[in-house]
Amino acid sequence: MTESNNSPTKPTMSAMWSDGLGRAGIRSGQMLLVITLVSVILWAMTSVPLVMIPVTIALILASAISPLVRWLTAHRWPRALAVAASFVGILAVFGGVITGIVFLIRAQSKELAVKFTAGIEQLHQFLNNGPFKVSDEQLRSVADSIQRFFTSSSFGAEALTGARTVAEILAGLVLMVVILFFFLKDGEKIRNFLFGFLPAAHRGKAHLAAERSAVVLGGYVRGTALIAAVNGVIIGTMLAILGVPLALPLGVFVFIGGFIPIVGSTAAGTLAVGVALISNGPVTSLIVLAVLIAANQLEHHFLQPVLMGKVLSIHGLAILLALAIGTMLAGIVGALLAVPTAAVAWTAIKTWTGRGGTAPAGIGPSDETAA
């Protein structure tokens with residue numbers, strides 16, 4: 001009796017989920033589950049930025065440095081020595097750049113102060129007599145507003161917040177350095193441990209996705225560094241030729257800004273234009289602005305397609321959306337990490353769905369790749 005009552009129900013339920021609307025409902029439920037999982041992961045990452053940001057930066061740097069470690073190991077260097085040499089080398093480069101910037105700013109501070117005073121006077125005359133005249137009363141009103149802000153309690157609170165931010169940045173740098181060392185030293189062991197939790201049938205595909213992601217990250221960092229270096233050299237050289245103070249530090253800032261796609265080098269170049277305006281006058285700043293625009297055109301129409309086209313197969317709109325999301329979630333650091341994170345996610349999706357080709361023989365837990 002029970003079977004006769006239930007038998008009509010089974011085909012009815014099966015038909016309900018097998019038609020077009022049923023399949024759409026199943027797919028919608030799957031998408032909601034995936035979106036929920038991604039949201040939980042993003043929430044967890046943004047809840048502990050002091051941990052996740054150093055881990056992400058260390059992972060990106062390890063992917064860029066690991067080819068050097070493999071090259072040294074292939075030339076009969078002991079692995080421990082190859083890791084130590086690469087690790088010390090990257091720290092020496094960063095430390096040397098920061099130290100050089102500090103000494104150059106200190107050495108040119110007096111010259112900059114003199115030119116700053118003269119530039120302010122030129123700017124004052126230009127505002128008084130230019131096409132859009134600004135009176136002294138209006139300028140004094142702006143100056144008074146700025147002075148009131150710097151003497152207000154809100155500025156003091158923001159200064160304390162800035163001091164805490166500096167302390168967090170220093171702590172994050174120390175943590176990043178430690179994590180980077182262990183990624184270079186034990187990247188393969190860490191990866192094998194994490195992938196050991198996956199079903200055996202999926203481990204080969206996970207190792208393939210990790211290897212391809214490491215290649216994408218390494219190529220992205222090296223290509224971006226080369227493009228940023230070209231922009232920094234162009235802007236720094238032009239500033240030096242025009243006699244703008246702090247030409248080398250400003251060129252370095254342009255180089256650093258180049259690691260934030262689309263907007264980073266433009267923002268850093270705007271700082272160079274501002275220094276040129278205050279120290280050397282409007283004509284020099286217009287020349288620097290023209291050179292900045294030409295350098296950006298060179299980057300977008302030649303350097304990016306040649307150096308990054310094969311590494312990042314991502315549309316420009318996807319890059320803009322990734323930048324917007326990263327900036328909203330984690331500010332400047334989020335903008336810095338948004339594009340490589342999106343590139344790795346897209347690489348993993350292509351590998352997992354089989355769109356990136358099949359795994360070559362030999363890829364597995366024994367391969368030596370970055371974490």
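Biologist: What is the accessible surface of the protein chain, and how much of that surface belongs to carbon and sulfur atoms?

Modeller: The accessible surface comes to about 22400 Å², and carbon and sulfur atoms hold 74% of that area. Areas are computed by the Shrake-Rupley method with a 1.4 Å probe, and for residues only the protein chains shown count as cover. This is a predicted model, in which local features need pLDDT of at least 70 and side-chain atom pairs count only at pLDDT 80 or more, while totals for chains, interfaces and linings use all residues. Residues are numbered from 1 along each chain as its sequence is written, and side-chain values use heavy atoms, with hydrogens and water left out.

Biologist: What makes up the secondary structure of the protein chain?

Modeller: The chain has 13 helices and zero strands. Helices are DSSP runs of H or I with at least four residues, strands are runs of E with at least two, and numbering starts from the N terminus.

Biologist: Why is F87 called buried, and why is F181 called partly exposed?

Modeller: Buried means under 20% relative accessible area, exposed means over 50%, and partly exposed lies in between (1.4 Å probe, protein chains only). F87 has 12% relative accessibility and therefore counts as buried. F181 has a relative accessible area of 27%, so F181 is partly exposed.

Biologist: How many aromatic pairs are there, and what makes F87 and F181 edge-to-face?

Modeller: The count comes to three aromatic pairs. Rings of Phe, Tyr and Trp (its six-membered ring) pair if their centres lie within 6.5 Å; planes under 30 degrees apart count as stacked, over 60 as edge-to-face and the rest as tilted. The centres of F87 and F181 are 5.3 Å apart and their planes stand at 70 degrees, so this pair is edge-to-face. F87 belongs to helix 5 and F181 to helix 8 (residues 153-195), so the pair ties together parts 94 residues apart in sequence.

Biologist: Why is the pair of F181 and F182 called edge-to-face?

Modeller: Their ring centres are 5.6 Å apart with planes at 75 degrees, so this pair is edge-to-face. Ring pairs thus link F87, F181 and F182 into a cluster.

Biologist: How do you know that the charged end of K205 sits over the ring of W352?

Modeller: The criterion asks for NZ of Lys or CZ of Arg within 6 Å of the ring centre and within 35 degrees of the ring normal. The charged end of K205 sits over the W352 ring, 5.8 Å from its centre.

Biologist: Is M328 buried or exposed?

Modeller: M328, in helix 13, has 70% relative accessibility and therefore counts as exposed.
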